[in-house]
Amino acid sequence: TTTEQPSPVVVLVHGSFHTPEATWTELTPVLDERGIEWSVVDLPSAGPDAVVGVTVPGLVEDVAATSDVIDQVGGPVVLVGHSYGGFVISEAGGDPRVQHLIFLCAFAPEPGETLMQLSASEPPTLLAAALRVEGDVMSVAPELAIGALYADVDEDLAAAAVTQLVPSTLSTLEQPAEEAAWTTVPSSYIICANDHALEPARQREMADRVGTQTSMLETSHSPFLSQPEAVANIIETALQQSSN
């Protein structure tokens with residue numbers, strides 16, 4: 001008799017300036033409806049208290065937090081990384097329990113590349129224009145946030161999302177990637193065609209680099225808020241492939 005492999009648990013990794021609560025609230029009920037198990041990572045580099053005391057959390061701490069969640073899940077995992085979260089899953093995804101990586105309008109760095117290098121574009125994105133730096137942290141100017149991050153999101157939902165934005169540590173921009181798990185782990189890339197935070201042409205370059213299934217959504221940088229069903233469909237497909 002063959003033993004039934006447990007279905008992977010989806011581990012959701014948010015991006016800069018966000019919390020899990022502010023990112024996944026529309027998506028997780030859809031996953032629940034479909035019987036998909038999920039868990040979230042709360043990145044130390046993003047939060048109102050990201051810089052407290054001596055240490056300034058960055059990529060290393062974010063990867064450690066993700067590895068902790070993978071340990072808690074214990075079994076097979078599909079990692080979903082949004083935006084900067086792509087850096088995190090590229091590092092944490094080398095864990096043998098990780099069966100698939102999903103880059104959701106996310107960075108897929110080569111070792112040695114930094115977020116600053118990969119996010120640069122001409123002309124600068126609306127998000128780049130909205131960034132404010134103070135000491136060790138950066139934040140998004142609230143009055144520019146909807147255009148940069150939530151252009152196609154329901155008005156009330158977008159307004160609520162802006163109030164939940166948090167600072168992120170500057171070190172996340174500058175720390176080079178060390179691992180590229182996408183070179184060995186099956187991966188999917190979701191390009192967001194109307195993204196004003198991460199240039200869609202740059203997303204296409206990274207999708208080609210990752211070299212596996214690529215989907216295109218006609219959304220802004222926050223498809224988990226504007227098209228959660230479409231995001232869930234792609235996650236479900238990856239889960240089915242991982243379970244086969």
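Start by selecting Val9, Val11 and Val13: these three point one way from strand β1, while Val10 and Leu12 point the other way, and all of them are buried. Keep in mind as you click around that this is a predicted model.

Now colour the whole of β1, residues 9–13. Here 5 of the 5 residues are buried, so the strand is largely enclosed by the rest of the structure.

What lies alongside it? Add strand β3, residues 77–82, to your selection: β1 and β3 pair in the parallel sense, with 5 bridges between them. Zoom in on Leu12 and you'll find Val80 of β3 standing opposite.

Next, bring in strand β2, residues 38–41. This one also pairs with β1 in the parallel sense, over 4 bridges. Pick Val10 and look across to Trp38, its bridge partner in β2.

Time to move along the chain. Select β5, β6 and β7, three strands that make an open sheet in the order β5-β6-β7, with antiparallel pairing. β5 (131–134) and β7 (168–169) are the edge strands, each pairing on one side only. Focus on β5 and β6 (residues 137–140), which run antiparallel and are joined by 4 bridges. Show Glu134 as sticks, and opposite it you'll see Val137 in β6.

Last stop: the surface. Select Glu26, Asp154, Glu155 and Asp156, which together form a negative surface patch. Where along the chain does Glu26 sit? Look in the loop between α1 (20–24) and α2 (27–33). Glu26 is partly exposed there, with a relative accessible area of 31%.

Methods
Residues numbered from 1 in each chain as written. Predicted model: local features only at pLDDT ≥ 70, side-chain atom pairs only at ≥ 80, totals over all residues. Heavy atoms only, no water. Patch = residues over 30% accessible without salt bridge, like charges linked within 9 Å, V, L, I, M, F, W, Y side chains within 5 Å. Areas by Shrake-Rupley, 256 points an atom, 1.4 Å probe, with all protein chains shown as cover. Salt bridge = Lys/Arg side-chain N within 4 Å of Asp/Glu carboxyl O. Lys, Arg positive; Asp, Glu negative; His and termini not counted. Charge placed at Lys NZ, Arg CZ, Asp CG, Glu CD. Helix = DSSP H or I, 4+ residues; strand = E, 2+ residues; numbered from the N terminus. Buried < 20%, exposed > 50% of the residue type's maximum accessible area, 1.4 Å probe, protein only. Pairing = 2+ DSSP bridges.
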